[in-house]
Amino acid sequence: MNYLTVENISKSYGELTLFEDISFSVHKDQKIAFVAKNGTGKTSILNILSGDDTSDTGNIIYRKDIKVSFLSQDPKFDATFTVEETIFASDNPILKVISNYEKALLNPEDEDAYQKAFEAMERYQAWDFETLYKQILFKLKLEDLQQKISTLSGGQKKRLALANALINKPDLLILDEPTNHLDLEMIEWLETFFAKENITLFMVTHDRYFLERVCNEIIELDEGQLYNYKGNYSYYLEKRDARIEREAVETGKAKQLFKKELDWMRRQPKARTTKSKSRIDDFQDIKHRAHQRRNDHEVQLELNMERMGSKILEFHKVSKAFKNKTILNNFEYTFKKGERIGIIGKNGTGKTTFLNILTQTAKPDTGKVVIGDTIKFGYYTQNGITIKPEQKVIDVIKDFGEYIPLKKGRTISAGQLLERFLFSRKKQYDFVEKLSGGERKRLYLCTVLIQNPNFLILDEPTNDLDIVTLNVLESFLMDFPGCIIVVSHDRYFMDKVVDHLFVFRGEGVIEDFPGNYTDYRIYEDSQLVTSAVSEEKKDTKSWKQNDETKLSYNEEKELKNIESKLNSLAFDKKELENKFNNPELSQDEINSLSEKLQKIIDTIEEKEARWFELSSKLE
């Protein structure tokens, strides 16, 4: 079943043509990744599909009566809304039913309204949906439903947009970098969610493990042409290399034929016969094929690393806290030459604060950080490059000098350096604000590396970089002789670059794990299995279930609804309890929250009592 047809779309900005005459289709149950180099128009294509932009030519045709959701890189919300209001502003009728039911729960004295709300939940079979939507919010760390949109960070807004898209249960979901701003646990949950949910996907992502595990087809835009690969990321890499090799052979044959035909053309044949006319006409096609060149230049990373002495970096009983939140607690570590450390942990456990203390842009509460005299940091932050009005690409590099020192006393001009980072002479005179997200990140990487650091700190370096640039960066880092610290949610990148991990558990607990991310996941999974087996051995009771249930059909249905509702009430209870942590609450607000919490507790007790009553019939 065809969900989406894209016919001959094109997009240009002045003299710059991003793409032209692009056509493809998306069918039910396909999970498609769209792959292309930075600056070739991936986001523009997604914006055209969502209606946020228009194509210069062609048509976008969606199948009638299908539900489509979009996740953009920069989602827009009404800043005056709360998280909950934003979610319920959707046109999904089931969400409105759930909203009415939750309002009725807060006013149990209005029995008529409660009965109507309960019956609507039954009619729309909204119990499971309610559990699903609260699970999604919980997994994406959006527990405070009353938080104003105006107070959310960019990452929280992206997660809210993703939650909105998932909650609406679309037939077709179109995503732009869905794993950006998600921690590793969220990414792995999202992978599992997409695997079990019946959603057709069309996405742009540079997370290669995500590509491998989620997508069953890849569409590549390469040199202005579209290529389809019916398989996952590994299959795509294999078939893409074979295609490029085949094209190179065909171009070689065309060059040989071109030489032969060029000699014939130079003899100025008279196009008198039909055969000679045809040969003259074919000459232009042969010439075009013979002169085809792939723009396969790769980023060239080279730096003149500063000499590193024996003392690198030392943490001595370093502690840091914000109000009641502990980030570091008497942390001690002495860095050695050539160390490659990956930092992982849930959002909010203090990873970025740790880096800021390390680079002395933030101060510890107690303890000290000792930095060796020869250490020169190169800090690639999540914020990226600071854009100045009317600043051109070449001017960014010239701020560091007209000529940049390389290895063995060599120098290179600012323009030549930018060419190594795939900025053509023409592109170097574009304004920085006109660059794509990936191009800005590539320029920022250039500014970090040309300062010749011997200690690299990379905070989410893979966001928005295309796969080709990521492969080059990985190769460069594997050969880099200095120290490296990487904070990244790109598991593929971490596996290739780091030797051991700092695992931020929260509350100041930091574990040093001897291995890469995949090693860590295998270890964690084995610990869970061991724990489960131990619990099973402790439980000496043997529970038997009769072959024939003693519950009626309606009682079975009620039991299922109660289980679903208890999960939802537990979420509500935790959400309200979290609100009591706000030190600015007035006494009236505390009283109001206490009343709501008591109602939820009473409802839970009532539901649990009924659950035990029904469950006892199954014993």
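Here is a chat between a biologist and a modeller about this predicted model.

Biologist: Before I trust any of this, what average pLDDT does the protein chain have?
Modeller: Fair thing to ask of a predicted model. At least 70 is the score reached by 86% of the residues. Residues 540-549 are a weak spot, with pLDDT below 50 and six contacts in the model beyond near neighbours in sequence. The average over the protein chain is 83.

Biologist: How many helices and strands does the protein chain have?
Modeller: We're looking at 619 residues here, of which 47% count as buried. As for the elements, the protein chain has 19 helices and 20 strands.

Biologist: Among contacts with a separation of 6 or more, what share comes from residues 24 or more positions apart?
Modeller: Glu 130 and Ile 167 give a feel for distance in sequence against distance in space: they are 37 residues apart in the one and 9.4 Å apart, C-alpha to C-alpha, in the other. For the protein chain, the share of those contacts made by residues 24 or more positions apart is 68%.

Biologist: Is Glu 130 buried or exposed?
Modeller: Start with where to find Glu 130: it sits in helix α5, residues 126-139. Its relative accessibility is 0%, and anything under 20% falls in one class. So Glu 130 counts as buried.

Biologist: Let's go to α3 and α4. At what angle do they pack?
Modeller: Helix α3 covers residues 93-106 and helix α4 covers residues 111-123. Their axes are 9 Å apart, and α3 passes α4 in a left-handed crossing. The packing angle is about 145°.

Biologist: And how many residues of that contact are nonpolar?
Modeller: On the α3 side, the contact includes Val 97, Ile 98, Asn 100 and Tyr 101. From α4 come residues including Ala 113, Tyr 114, Phe 118 and Met 121. Sorting the residues of the contact gives no charged, one polar and, for the nonpolar class, eleven.

Biologist: I like aromatic rings. Which kind of pair do Tyr 229 and Tyr 236 form?
Modeller: Both are tucked away: Tyr 229 counts as buried at 4% relative accessibility, and Tyr 236 does at 5%. Their rings are 5.1 Å apart, centre to centre, with 80° between the planes. Planes over 60 degrees apart put a pair in one class, so this pair is edge-to-face.

Biologist: Why is the pair of Tyr 517 and Tyr 520 called tilted?
Modeller: Both lie in helix α17 (residues 517-538), three residues apart, about one turn of the helix. Tyr 517 counts as buried at 4% relative accessibility, and Tyr 520 at 8%. Their ring centres are 6.1 Å apart and the planes stand at 45°, so the pair is tilted.

Biologist: Which residues do ring pairs link into a cluster?
Modeller: There's a fair bit of aromatic pairing to pick from, since the structure holds 30 aromatic pairs. The cluster linked by ring pairs is made of Phe 315, Phe 331, Tyr 333, Phe 335, Phe 354, Phe 377, Phe 455, Phe 502 and Phe 504.

Biologist: Last one: leaving aside neighbours within four places in sequence, which residues is Asn 180 in contact with?
Modeller: Asn 180 lies in the loop between β6 (172-176) and α7 (184-196). At 9% relative accessibility, Asn 180 counts as buried. With the neighbours within four places left out, its contacts are Lys 158, Asn 463 and Asp 464.

Notes. Residues are numbered from 1 along each chain as its sequence is written. This is a predicted model: local features need pLDDT of at least 70, side-chain atom pairs count only at pLDDT 80 or more; totals for chains, interfaces and linings use all residues. Side-chain values use heavy atoms; hydrogens and water are left out. pLDDT is the predictor's confidence in each residue, from 0 to 100. Contact means heavy atoms within 4.5 Å. Axes are lines fitted to C-alpha atoms, for helices over the stretch in contact, and angles run from 0 to 180 degrees between N-to-C directions. Helices (H or I, at least four residues) and strands (E, at least two) are DSSP runs, numbered from the N terminus. A crossing is left-handed if the near helix is turned anticlockwise from the far one by less than a right angle, and right-handed if clockwise. Ala, Val, Leu, Ile, Met, Phe, Trp, Tyr, Cys and Pro count as nonpolar, Asp, Glu, Lys and Arg as charged, and the others, Gly among them, as polar. Rings of Phe, Tyr and Trp (its six-membered ring) pair if their centres lie within 6.5 Å; planes under 30 degrees apart count as stacked, over 60 as edge-to-face and the rest as tilted. Buried means under 20% relative accessible area, exposed over 50%, partly exposed in between (1.4 Å probe, protein chains only).
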